Amino acid sequence: MNINTIATALGIDLDLINHGDLTVFSPIEGNPIGQVTTVSPQCMEQSIIAAEEAFVQWRQVPAPKRGELIRVFGQILRDNKEALGALVTLECGKIYQEGLGEVQEMIDICDFSVGLSRQLYGLTIASERLEHRMFESWQPMGPVGIISAFNFPVAVWAWNATLAIICGNSVLWKPSDKTPITAIACQTLLQKAIAIVADIPQGLSQLLIGGADVGERLVADKRIPVISATGSTAMGRAIAPVVAERFGRSILELGGNNAMIIAPSANLDMALRAIVFGAVGSAGQRCTTTRRLLIHNEIYASLVPALQRIYGQLTVGNPFLKETLVGPLIDKEAFDNMQYALKQAEYTGNNRVGGQRINIPDCNNGYYVAPALIEMPATAPMIQTETFAPILYLYPYTDLHEAIAQHNDVPQGLSSAIFTNDIRESEMFLSAVGSDCGIANVNIGTSGAEIGGAFGGEKETGGGRESGSDAWKGYMRRVTSTLNYSSELPLAQGIEFTF
Ligand code: UN1
């Protein structure tokens, strides 16, 4: 797949991806595919001012009319699904099916946002005073800063941008500096929608390509009331206090260390499909990747060899090939981190399968690995850490309470699942004494969430929620109003105050 062919299909100005100070690599061959320009401090200032000006106009546009922009954008995405999916594969290395799936996630969130643009509901609340009405309304906030990661280079932006825009905000996007070309593609497609729909302020969406310094300036800027950041826990730990210090709002979606519990009554064929997709999909580089498997003792001896057999047959290779299930890691650093984790795991782990680098013809500079399985004691320190690579730690359990305690005994709290046909077990897993994660599933895996639910998690995952349900409220401010239509002025709480 040639970058210029895909870029031309998407209507990208080739100058934007062939000149500039930042070299972009494809993880497939590990070779450069383009040059892009990083934003200078002056350009960044201009972008923030433009986003503020756009906000001042956009907030006055009725929300359903704001939805029209996203409706058109969703149609443009439908028309460009294959090309954008291919670009995602080329730039971040996930297999083409997952590249397409990521664009589908964008289309889905567009549809969701269009519907939502007619449903930004507030409550009406019973007032304690005669002939008074109390109600809530939701108002736009200002420019929203979006920081996204390389592993979902387009969908996570779309979750944030489409909601922020229908809520009446402008957006400033700092994509990962590993995947700026997909960001340029999204911005190009959104600009196309902006050109089609009448009267959209030009500065509504701004792209800020650059490294950590760009992100640092964005999060520190008082003019940006909301920062939505997706990435590592380390990144969130740096961002959160800076935003809090200026009383901004942050929406954080950080690391996961997701586990699945496989109970004795589980349908093992279903469980195996979910485990393998969850653990090796996107080469283990989803925040929802399954990283730990707690297997009941009664089925441990049959499940583990079945899993090892499947791992021995996984097709690792060029992500554009139909038969490939596991594409490359994003870069050498990801590979080194994986090797480091495997080395650490050697001290306590047993019976490792996979983990080694695989040489793929014509892709010599790409970092391809055989996904790894390691049997571990539940107490091993390594299982506390999220290594963004396909490593799955396995350990047995005997009692579900004990398994849930081990399940929750990690710093992160994003996604979780149990495979069981015992309703008492599934209900317990979903109850107050069950999984402590933001996402808890029964008989499906930890990854591949639909956009309709709120997405995010607790503890070191950061507590934010993006995407569906009422996550839109994160991009708006709530106004509580009490309106008096009587001819008296009664005070609340029955207070007498006469003069
Ligand atoms: C991420 O890895 O940051 O649930 C997002 C999933 C995808 C989103 C992952 N829908 O796996």
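The following dialogue works through helix packing, sheets and a ligand shell in a predicted model.

Student: Why is α4 called oblique to α8?

Tutor: Helix α4 (residues 63-79) and helix α8 (residues 180-196) pack at an angle of about 130 degrees, with their axes 9 Å apart. Angles over 145 degrees count as roughly antiparallel and 65 to 115 as roughly perpendicular, with 130 in neither range, so the pair falls under oblique. The crossing itself is right-handed.

Student: What makes the contact of α4 with α8?

Tutor: On the α4 side there are Leu69, Val72, Phe73, Ile76 and Leu77. They meet Leu189, Leu190, Lys192, Ala193, Ile194 and Ile196 in α8. By class, ten of these residues are nonpolar, none is polar and one is charged. The charged one is Lys192, because Lys counts as charged.

Student: Why is α4 called roughly antiparallel to α6?

Tutor: The angle between α4 and helix α6 (residues 96-116) is about 155 degrees, and their axes are 9 Å apart. The cut-off for roughly antiparallel is over 145 degrees, so 155 meets it. This crossing is left-handed.

Student: Which residues make the contact of α4 with α6, and how do they divide by class?

Tutor: From α4 come Gly67, Ile70, Arg71, Phe73, Gly74, Leu77 and Arg78. From α6 come Val103, Met106, Ile107, Cys110, Asp111, Ser113 and Val114. The division is eight nonpolar, three polar and three charged. Gly67 and Gly74 are among the polar ones, because Gly is counted as polar. Phe73 and Leu77 of α4 also appear in the contact with α8.

Student: What makes α11 oblique to α12?

Tutor: The axes of helix α11 (residues 268-280) and α12 come within 11 Å and cross at roughly 50 degrees. Under 35 degrees would be roughly parallel and 65 to 115 roughly perpendicular, so 50 is oblique. The crossing is right-handed. Leu268, Leu272, Ile275 and Val276 of α11 touch Ile299, Leu303, Ala306, Leu307 and Ile310 of α12. In this contact nine residues are nonpolar, with no polar and no charged ones.

Student: How do you know which strands stand at the edges of the seven-stranded sheet?

Tutor: This open sheet has the order β12-β15-β16-β11-β10-β18-β19, with mixed pairing. β12 (350-353) and β19 (439-442) each have a single partner strand, so one side of each lacks a neighbour in the sheet. From one strand to the next the twist averages 15 degrees.

Student: How do you know that β15 and β16 count as paired?

Tutor: Strand β15 (residues 372-375) and strand β16 (residues 391-397) share four bridges in the parallel sense. At least two bridges are needed, so four are enough. One of the bridge pairs joins Ile374 with Tyr393 in β16. Helix α12 (residues 297-313) packs on this sheet and touches β10 (258-262), β11 (290-296), β12, β15 and β16. The direction of α12 makes about 140 degrees with that of β11.

Student: What makes β7 and β9 the edge strands of the five-stranded sheet?

Tutor: The order in this open sheet is β7-β6-β5-β8-β9, and the pairing is parallel. β7 (205-207) and β9 (249-253) each pair on one side only. Strand β8 (residues 226-230) pairs with β9 over five bridges, and Ser228 stands opposite Ile251 in β9. Helix α8 packs on the sheet, touching β6 (171-174) and β7, and its direction makes about 155 degrees with that of β7.

Student: How do you know that β1 and β2 pair, and in which sense?

Tutor: Strand β1 (residues 22-25) and strand β2 (residues 32-36) have four bridges in the antiparallel sense. The minimum is two, so the strands pair. Leu22 stands opposite Val36 in β2. The two strands form a hairpin with six residues between them, and Gly30 in the turn has a positive phi of about 75 degrees.

Student: Which residues around the ligand make up the two charged ones of the shell?

Tutor: The shell consists of Glu105, Asn151, Phe152, Val156, Thr230, Arg286, Cys287, Thr288, Ser447, Gly448 and Ala449. It divides into four nonpolar, five polar and two charged residues. Glu and Arg count as charged, so Glu105 and Arg286 are the two.

Technical notes:
Residues are numbered from 1 along each chain as its sequence is written. This is a predicted model: local features need pLDDT of at least 70, side-chain atom pairs count only at pLDDT 80 or more; totals for chains, interfaces and linings use all residues. Axes are lines fitted to C-alpha atoms, for helices over the stretch in contact, and angles run from 0 to 180 degrees between N-to-C directions. Two residues are in contact if their C-beta atoms, placed from the backbone, lie within 7 Å. A residue is near a molecule or strand if its C-beta atom, placed from the backbone, lies within 6 Å of it. A crossing is left-handed if the near helix is turned anticlockwise from the far one by less than a right angle, and right-handed if clockwise.
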